[in-house]
Amino acid sequence: MADTDIAPENRAQKTVAPWWQREDLAYRGGRLHLGSTDLAALARKLGTPTYVIRARRVAQKAGLLHRALDRVGLDHHLYYAIKANRTPQLLSYLAGQGLCGADVCSPEELIYALSCGFREQDISFTGTSLSAADLEMLGRFEGIAINFDALAALDRFGRAHPGRKVGLRINPDRGIGYGGSQMLQYSGAAATKFGIYLDRLPEAIEIAKRHRLKITRLHFHAGCGYLDREMTQFAAVLQESRRFTEQLPGLSEVNIGGGLGVPHRASDRPLDLDHWAHTIAQAYGGTGLTVAVEPGDFLVKDAGVLLASVTYRERRKTVEFLGLDAGFNLAMEPAFYDLPCEPVPTVPREAPPSRFTVVGNVNEALDKWAEDHPMPPPEEGDVIALLNAGGYAAAMRSDHCLRGAARNLMVLD
């Protein structure tokens with residue numbers, strides 16, 4: 001039965017607001033809306049699976065970051081990490097709004113950002129394991145801010161382009177990630193492939209002198225998805241980075257990377273941006289350095305959902321399975337990083353909640369959206385919204401099992 005056929009008296013009446021509900025993501029008249037968009041009605045028109053992202057939410061969150069940093073008196077830049085969601089309509093929207101530049105990590109992302117309207121001078125490049133062809137391409141663009149994360153890349157670029165302004169990506173040897181996840185930390189106890197460690201910094205400085213390169217930026221990114229509970233770790237990362245800046249008197253900018261997270265579970269609390277900004281100001285306030293930030297997830301993740309349809313409901317042993325027409329290849333983070341996309345009925349039915357293991361249509365054991373997940377029992381054809389699919393979902397999707405087809409829609413209120 002389609003949800004449009006459900007009688008009003010059979011629709012669930014929400015008496016307690018779910019943890020994820022907010023002004024622009026809520027049930028109205030028993031139907032889930034993202035902004036002004038009725039998600040079930042949209043799914044009936046476009047089909048499923050479909051990614052939906054609300055542009056205004058992204059712009060509003062960029063504004064929140066600007067205001068938080070303004071309140072602590074930090075001169076700053078925002079660069080949106082386009083690897084989180086590179087929907088061209090979204091990138092063109094952000095370029096037109098002028099609220100942020102673009103953070104890119106490959107030459108193809110650089111060209112893509114330019115094609116979507118970002119100006120060369122509004123683009124920051126930080127890549128890893130750069131090939132000779134990568135460096136040759138990057139050398140053609142004098143306006144972008146390039147940060148090198150390896151001595152070899154710095155030396156090769158310096159030989160080809162002496163006298164240029166450059167940035168260094170450093171490794172502060174301190175990590176941070178959602179819930180302490182080691183998978184989401186780019187730095188920490190074990191050596192990682194990202195950035196130049198403190199003991200190699202003198203070599204980087206010597207390479208720069210040899211090629212008359214001017215090191216004007218420092219960049220680091222210690223991990224992903226952090227919230228308030230990780231603020232002590234965040235402060236430690238920032239303080240450790242000062243050991244690098246103190247050896248580079250010619251700096252004008254320090255780029256603290258991204259990694260700001262959003263709630264994924266009922267136990268999570270939104271990041272307190274004033275606390276976050278104050279922590280940055282404690283490390284870099286009064287230094288005269290511009291602070292750059294590269295948010296990805298924070299801007300887009302909770303602005304988007306993935307719409308899917310129920311394909312079956314069936315008990316196996318003691319487990320009630322609920323199948324969807326969207327697999328983990330359309331949003332890999334739940335399987336790879338334990339960052340859930342909570343399944344939510346777009347038109348809940350009036351019935352006591354049951355517990356389901358929600359699975360997709362890919363022939364892999366990893367293909368689970370949720371286990372023991374409570375929701376009013378849906379029926380075949382009902383539309384489910386997978387929350388927090390605005391970041392690292394469409395951008396990372398694959399064609400595994402040839403199940404990669406999905407529509408991608410940006411909505412404007």
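Me: Before I look at any sheet here, what must DSSP find between two strands for them to pair?

Reply: Two strands pair if DSSP finds at least two bridges between them. In this predicted model, β1 and strand β2 (residues 31-34) meet that condition in the antiparallel sense, with 4 bridges, and one of the bridge partnerships sets Ala 26 of β1 against His 33 in β2.

Me: In what order do the strands of that open sheet stand, and which of them are at the edges?

Reply: The open sheet has 3 strands in the order β1-β2-β3, with antiparallel pairing. β1 (25-28) and β3 (37-38) each have a single partner strand and therefore stand at the edges, one side of each being left without a neighbour in the sheet.

Me: How should I read the two faces of a strand, and which residues of β18 lie on each side?

Reply: In a regular strand the side chains alternate between the two faces of the sheet. In β18 (residues 383-386), Val 383 and Ala 385 are on one side while Ile 384 and Leu 386 are on the other, and all of them are buried, so that both faces are covered.

Me: Which strands pair with β18, and over how many bridges?

Reply: Strand β13 (residues 304-316) pairs with β18 in the antiparallel sense over 4 bridges, and strand β15 (residues 343-345), also antiparallel to β18, is joined to it by 3 bridges. Leu 386 in β18 is the bridge partner of Leu 306 and also that of Pro 343.

Me: Turning to a loop, where does Thr 128 lie, and what does its side chain meet in a polar contact?

Reply: Thr 128 lies in the loop between β7 (123-126) and α5 (132-138), and its side chain makes a polar contact with the side chain of Asp 149 at 2.9 Å.

Key: Residues are numbered from 1 along each chain as its sequence is written. This is a predicted model: local features need pLDDT of at least 70, side-chain atom pairs count only at pLDDT 80 or more; totals for chains, interfaces and linings use all residues. Side-chain values use heavy atoms; hydrogens and water are left out. Buried means under 20% relative accessible area, exposed over 50%, partly exposed in between (1.4 Å probe, protein chains only). A polar contact is a pair of N or O atoms within 3.5 Å; within protein, one must be able to donate a hydrogen and the other to accept it, and residues adjacent in sequence count only if both atoms are side-chain atoms.
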